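I opened the notebook to jot down what I looked up, one topic at a time. Here is what I was working from.

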Amino acid sequence: MSSLLHESQLAHEANVVWLEDLDGLDYVRQALDKSARRGGKPRYARDGRMVGYAELDKDAEANPDSGLFQRRTFFLLPHDRPNEPEGLYKEGAPGEAVDPRTIEPRRVGEKTPRSQGKRRNEIVPS
């Protein structure tokens, strides 16, 4: 599992929506972002591109102070492996990166040899 998110933070996820085909993505970065809505495509304010997002169930409550919901987004930055295969992450991956094939609603996802730029189909201990 990623050490940056905890499954308790994802308790109200209903589904995950992918905007790109996962076949070409060894890893995606994941983060909790604030959104005014439980569902639909959230705003994206980072470099790079959003490749997916989580939608929340009807029981998810907004933060009482901000009125915003915390939703998981999946993204890639310009220097990530899919954009620069021979670059910084030719091998290894950022701390918040996980194999998108291991992501499900309410589940953080895992680092795998594939996400780390190594052999595929084995799970790397966190």
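**The pocket**

I started with the lining of the largest pocket, whose residues divide into eight nonpolar, six polar and five charged. I should say up front that this is a predicted model. The lining has 19 residues, and Gln9, Leu56, Glu61, Phe69 and Gln70 lie nearest the centre of the pocket. I noted that strand 2 and strand 4 are the elements that give two or more residues to this lining. Which element has the largest share of the lining? I found that it is strand 4, with four residues. For the volume of the largest pocket, I wrote down about 260 Å³.

**The sheet**

Next I wanted to know how the strands are laid out. I found an open sheet of five strands in the order 1-3-4-2-5, with antiparallel pairing. Why does one side of strand 1 and of strand 5 lack a neighbour in the sheet? These two strands stand at the edges and have a single partner strand each, so one side of each is left free of a neighbour in the sheet.

Then I went through the pairs. Strand 2, residues 28-35, runs antiparallel to strand 4 over seven bridges. In that pair I spotted Ser35 opposite Phe69 of strand 4. I had already met Phe69 among the residues nearest the pocket centre. Strand 3, residues 49-56, is also paired with strand 4 in the antiparallel sense, over four bridges. Here I picked out Tyr53, whose bridge partner in strand 4 is Thr73. Strand 2 pairs with strand 5 as well, antiparallel and over two bridges. Val28 stands opposite Val98 of strand 5.

Is strand 4 mostly covered or mostly exposed? I looked at residues 69-76 and found the strand mostly covered, with seven of its eight residues buried.

**Leu68**

I moved on to Leu68, which sits in the loop between strand 3 and strand 4. Its relative accessibility is 29%, so I put it down as partly exposed. I listed what Leu68 touches, leaving out residues up to four places away in sequence: Lys34, Ser35, Ala36, Ala62 and Asn63. So Ser35 turned up again in my notes, this time as a contact of Leu68. I also checked the spacing to Arg81, which is 13 residues from Leu68 along the chain, and got 32 Å between the C-alpha atoms.

**Ser115**

Ser115 is in the segment after strand 5, which covers 97-98. Is Ser115 buried or exposed? I wrote "buried", because its relative accessibility is 0%. What does Ser115 contact, apart from its neighbours within four places in sequence? My list reads Asp26, Tyr27, Arg81, Gly92, Ala93, Val98, Asp99 and Glu110. Two of those names were already in my notes: Val98 stands opposite Val28, and Arg81 is the residue I used for the spacing from Leu68. I also found a polar atom of the Ser115 side chain 2.8 Å from the backbone nitrogen of Thr112.

**Arg106**

Last, I checked a backbone angle. Most residues other than glycine have a negative phi. Arg106 is not a glycine, yet its phi is positive, about 70°. I placed Arg106 in the segment after strand 5. Its relative accessible area is 42%, so I noted Arg106 as partly exposed.

Notes:
Residues are numbered from 1 along each chain as its sequence is written. This is a predicted model: local features need pLDDT of at least 70, side-chain atom pairs count only at pLDDT 80 or more; totals for chains, interfaces and linings use all residues. Side-chain values use heavy atoms; hydrogens and water are left out. Buried means under 20% relative accessible area, exposed over 50%, partly exposed in between (1.4 Å probe, protein chains only). Two strands pair if DSSP finds at least two bridges between them. Contact means heavy atoms within 4.5 Å. On a 1 Å grid over the protein atoms alone, a cavity is a set of points where a 1.4 Å probe fits but cannot get out, and a pocket is an open set with protein on both sides within 12 Å along at least five of seven lines; lining residues have an atom within 4 Å of a point. Grid points are joined across faces, edges and corners, and a volume is the space filled by probe spheres set on the points. Ala, Val, Leu, Ile, Met, Phe, Trp, Tyr, Cys and Pro count as nonpolar, Asp, Glu, Lys and Arg as charged, and the others, Gly among them, as polar. A polar contact is a pair of N or O atoms within 3.5 Å; within protein, one must be able to donate a hydrogen and the other to accept it, and residues adjacent in sequence count only if both atoms are side-chain atoms.
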